[in-house]
Amino acid sequence: MPADFGIPWRTVFGYFARWAKAGALKRILDQLRRRLRLRRRRCPWPVRVIVDSQSVKGAETVSNATRGYDANKHINGRKRHLLVDQDGLLVDLLVTPADVQDRDAARILLTRLHTEHPEIVLVWADNGYGGEEFSTWAQDTLGITIKVVPRPKDTKGFVLLPKRWVVERSNSWTMRARRNARDYERLTAHAEAHIQWAFITLMSRRLARPRRQTKALPATLAAA
């Protein structure tokens, strides 16, 4: 904490930890996302979401029990599994060691998602969530359809993929908060809380913006 802030860092951390443990951040996120979706004239609760994972390096404060090595990305640390709506707003997340497979984490995340939001019926994902066994499990157990958006063959470098780019943009939003550029937390629950706070800040700022004045419809269209 800055020296001139006037409040001991332990006091601030105490509120941070208690709010995260009590689920207050999740409730704040749900209400902020609901208000933003209503502002855009969408259904208050999404029925289709996008999932993706992001591996980040772990600092020396991250214990060996909660970190792993992602052989694909060559990163020693943790992996963030994000579920976002079509606007890229956070719906749910899970932080695991980096060596946890995407499908294994998705089973936990989707089961929890189905319990809290049974209205969600479709999840867009990349090839890491493919496979007939996983898709069949999601459909038969949760009633959720997994739709894989494949990367075109023989392509190199960055490719803008339908639906998937939304969650990849959300991953970049989390990095705007410098604390999220690397994982420093001893507890995965606190790592998740930092990401939740990043989205709370993002959505609060959007709601604080003045609304654009929409032009009045022509009389003929209004009558129709």
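The following exercises, each with a worked solution, concern one predicted protein model.

Residues are numbered from 1 along each chain as its sequence is written, and side-chain values use heavy atoms, with hydrogens and water left out. In this predicted model, local features need pLDDT of at least 70 and side-chain atom pairs count only at pLDDT 80 or more, while totals for chains, interfaces and linings use all residues.

**Exercise 1. The chain as a whole**

Determine how many helices and strands the chain has, and in what order the elements run.

Solution. Step one is to count the elements, where helices (H or I, at least four residues) and strands (E, at least two) are DSSP runs numbered from the N terminus. The chain has seven helices and six strands. Step two is to read them from the N terminus, which gives the order α-α-β-β-β-β-α-β-α-β-α-α-α. Step three is to add the overall extent: the C-alpha trace spans about 65 × 55 × 35 Å along its principal axes.

**Exercise 2. Burial and surface**

State what share of the residues is buried and how much accessible surface the chain has.

Solution. The cut-offs come first: buried means under 20% relative accessible area, exposed means over 50%, and partly exposed lies in between (1.4 Å probe, protein chains only). Of the 224 residues, 43% count as buried. Next comes the area, computed by the Shrake-Rupley method with a 1.4 Å probe, where for residues only the protein chains shown count as cover. The accessible surface comes to about 13500 Å², and 54% of this belongs to carbon and sulfur atoms.

**Exercise 3. A nonpolar patch**

Identify the residues that make the nonpolar surface patch, and describe phenylalanine 13.

Solution. A patch consists of residues with over 30% relative accessible area and no salt bridge; like charges are joined within 9 Å, and nonpolar side chains (Val, Leu, Ile, Met, Phe, Trp, Tyr) within 5 Å. Met1, Phe5, Ile7, Trp9, Val12 and Phe13 make a nonpolar patch of about 580 Å². Phenylalanine 13 belongs to helix α1 (residues 9–22). Its relative accessibility is 37%, so phenylalanine 13 counts as partly exposed.

**Exercise 4. Salt bridges across the chain**

Find where the partners of three salt bridges lie, and decide whether each partner is buried, partly exposed or exposed.

Solution. A salt bridge is a side-chain nitrogen of Lys or Arg within 4 Å of a carboxyl oxygen of Asp or Glu. The structure holds eleven of them.

1. Lysine 26 pairs with glutamate 116, with the closest N and O atoms 3.4 Å apart. Lysine 26 is in helix α2 (residues 24–39) and glutamate 116 in helix α3 (residues 102–116), 90 residues apart. Lysine 26 is buried at 16% relative accessibility, whereas glutamate 116 is partly exposed at 40%.
2. Arginine 78 pairs with aspartate 183, and here the closest N and O atoms are 2.9 Å apart. Because arginine 78 lies in strand β3 (residues 75–84) and aspartate 183 in the loop between α5 and α6, the pair ties together parts 105 residues apart in sequence. Both arginine 78 and aspartate 183 are buried.
3. Arginine 107 pairs with glutamate 133, with 2.7 Å between the closest N and O atoms. Arginine 107 is in helix α3 and glutamate 133 in helix α4 (residues 132–142), so the pair ties together parts 26 residues apart in sequence. Arginine 107 is partly exposed at 24%, and glutamate 133 counts as exposed at 53%.

A final step considers shared partners: salt bridges of this kind join Lys26, Asp30, Arg33 and Glu116 into one network.

**Exercise 5. Two packed helices**

Classify the packing of α5 and α6, and follow arginine 206 in its surroundings.

Solution. Two packed helices are described by the angle between their axes and the distance between the axes. Axes are lines fitted to C-alpha atoms, for helices over the stretch in contact, and angles run from 0 to 180 degrees between N-to-C directions. Helix α5 (residues 164–175) and helix α6 (residues 188–208) pack at about 100 degrees, with axes 9 Å apart. Angles under 35 degrees count as roughly parallel, over 145 as roughly antiparallel, 65 to 115 as roughly perpendicular and the rest as oblique. Therefore α5 and α6 are roughly perpendicular to each other. The contact (heavy atoms within 4.5 Å) is made by Ser170, Trp173 and Thr174 of α5 and Ile195, Phe199, Leu202 and Arg206 of α6.

Arginine 206 is partly exposed, with a relative accessible area of 23%. Leaving aside neighbours within four places in sequence, arginine 206 is in contact with Leu36, Arg39, Asp87, Leu89 and Trp173.
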